[in-house]
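Q: Hey, I've got this structure open and I'm a bit lost. Can we walk through it together?

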Amino acid sequence: MARDKRTPQASLPGADLVGFMIQDGETRLVLGEVKSSSENNVPPQVMSSRSGMSHQLEKLASDLNLLYTLLRWLLPRCRDNDAEPHFKAAISLLLESGNKAMSLFGVLIRDTQPDEGDLRRRGQHLGSILQAPASCHLLALYIPCSVSSLPDLVHAGGAE
C-alpha cells in the first residue's frame, strides 16, 4: 500500500512498476502499470477508461510533476547501494533526451480467453503519441484461475 506515497496525493494513481532496464548498453528508467480484469468485454474497461492503463501510461510519459515525484521517491531507495549507478545513468539519459528516454510497461492480467484485441487499439494509440526514444511494452497474462482468487492464492503460496 505504500506505493501511493509516490504521488503527491494518495488518491491519484502512481506507477505500479518503478525500476531500471539495461538495453543496448543504456540504462533506462522503467515505469509501468498493472491492471486486472474478469470483464468479458474486449478490451476491458481497465484499458481504456479515464483511469485506465492507457491514460495512466500517457500521464507517466508526459506529466513532469508526476515524473519528478516518482524520481524523488526512487532516489533514496537507490542511494548507497548497487542501484545507485543505474539511477544516475538512467536519469542522465532521461534528461539528455528531453525526458523521453524511458521504457513504459503495461501489464494486463485476465482470466478470460486470450484476445489480441485486449491490447491492440491501446498499443496503436500509445505508439502514435509517444516520441522516440521512449518505448512502450504492453503485455497480457491470461491466467487459469479467477482474478478474484489471486490474493488468496498468493497468500497460500499457490498451494492449491
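A: Sure! Let's start at one small spot: Gln23 stands opposite Glu26 in β2. Keep in mind that this is a predicted model.

Q: OK, so which strand is joined to β2 there, and how do the two run?
A: That's β1, and the two run antiparallel, with 7 bridges joining them. Further along, Met21 has Arg28 in β2 as its bridge partner.

Q: How many residues sit between the strands in that hairpin?
A: There are 2 residues between β1 and β2. One residue to look at in this hairpin is Asp24, which takes a positive phi near 55°.

Q: Zooming out, what's the order of the strands in the sheet?
A: The order is β1-β2-β3-β4, in an open sheet of 4 strands with mixed pairing. β1 (17–23) and β4 (135–142) are at the edges with a single partner strand each, so one side of each has no neighbour in the sheet. From one strand to the next, the twist averages 25°.

Q: Mixed pairing, right. Which way do β2 and β3 run, and how many bridges join them?
A: Those two run parallel, joined by 9 bridges. As an example, Leu29 stands opposite Met102 in β3.

Q: And what about β3 and β4?
A: They run parallel too, with 8 bridges between them. Here Phe105 stands opposite His137 in β4.

Q: Let's stay on β3. Why is it described as largely enclosed?
A: Because 9 of the 9 residues of β3 are buried, the strand is largely enclosed by the rest of the structure. The cut-off for buried is under 20% relative accessible area.

Q: Which residues are on which side of β3?
A: Met102, Leu104, Gly106, Leu108 and Arg110 are on one side, while Ser103, Phe105, Val107 and Ile109 are on the other. Both faces are covered, and the residues on each are all buried.

Q: Why do the residue numbers skip by two on each side?
A: Because side chains in a regular strand alternate between the two faces of the sheet.

Q: Makes sense. Which strands does α2 lie across?
A: Helix α2 (residues 53–62) lies across β2, β3 and β4, and it runs at about 165° to β3.

Q: And α4, which strands does that one lie across?
A: Helix α4 (residues 84–96) lies across β1, β2 and β3. The angle there is about 90°, taken to β2.

Q: New topic: pockets. What's the volume of the largest one?
A: About 190 Å³. Its lining includes Glu58, Ala61 and Ser62, along with Asn99, Lys100 and Met102. Others in the lining are Ile129, Leu130 and Gln131.

Q: Which element gives the largest share of that lining?
A: That's α2, with 3 residues.

Q: How do the lining residues divide by type?
A: They split into 6 nonpolar, 4 polar and 2 charged.

Q: You mentioned Asn99. Where is it?
A: Asn99 is in the loop between α4 and β3. Its phi is positive, near 65°, in a residue other than glycine.

Q: Why would anyone point out a positive phi?
A: Because most residues other than glycine have a negative phi.

Q: How accessible is Asn99, then?
A: Asn99 has 22% relative accessibility, so it counts as partly exposed.

Q: Which loop holds Asp80, and what's its phi?
A: Asp80 is in the loop between α3 (64–78) and α4, and its phi is near 60°, again a positive value in a residue other than glycine.

Q: Is Asp80 buried or exposed?
A: Asp80 is exposed, because its relative accessible area is 69% and the cut-off for exposed is over 50%.

Q: Now the cis peptide bonds. Where does Val42 come in?
A: The peptide bond from Val42 to Pro43 is cis, with omega near -5°. Pro43 lies in the loop between β2 and α1 (45–48).

Q: And what joins Ala132 and Pro133?
A: A cis peptide bond, with omega about 15°. Pro133 is in the loop between α5 (120–129) and β4. In general, most peptide bonds are trans.

Q: Last one: where's Asp152, and how far is it from Ala132?
A: Asp152 is found in helix α6 (residues 150–156). Its C-alpha atom is separated from that of Ala132 by 41 Å, and the two residues are 20 apart along the chain. Asp152 is exposed, with a relative accessible area of 57%.

Definitions and conventions:
Residues are numbered from 1 along each chain as its sequence is written. This is a predicted model: local features need pLDDT of at least 70, side-chain atom pairs count only at pLDDT 80 or more; totals for chains, interfaces and linings use all residues. Side-chain values use heavy atoms; hydrogens and water are left out. Two strands pair if DSSP finds at least two bridges between them. Axes are lines fitted to C-alpha atoms, for helices over the stretch in contact, and angles run from 0 to 180 degrees between N-to-C directions. Contact means heavy atoms within 4.5 Å. On a 1 Å grid over the protein atoms alone, a cavity is a set of points where a 1.4 Å probe fits but cannot get out, and a pocket is an open set with protein on both sides within 12 Å along at least five of seven lines; lining residues have an atom within 4 Å of a point. Grid points are joined across faces, edges and corners, and a volume is the space filled by probe spheres set on the points. Ala, Val, Leu, Ile, Met, Phe, Trp, Tyr, Cys and Pro count as nonpolar, Asp, Glu, Lys and Arg as charged, and the others, Gly among them, as polar. Buried means under 20% relative accessible area, exposed over 50%, partly exposed in between (1.4 Å probe, protein chains only).
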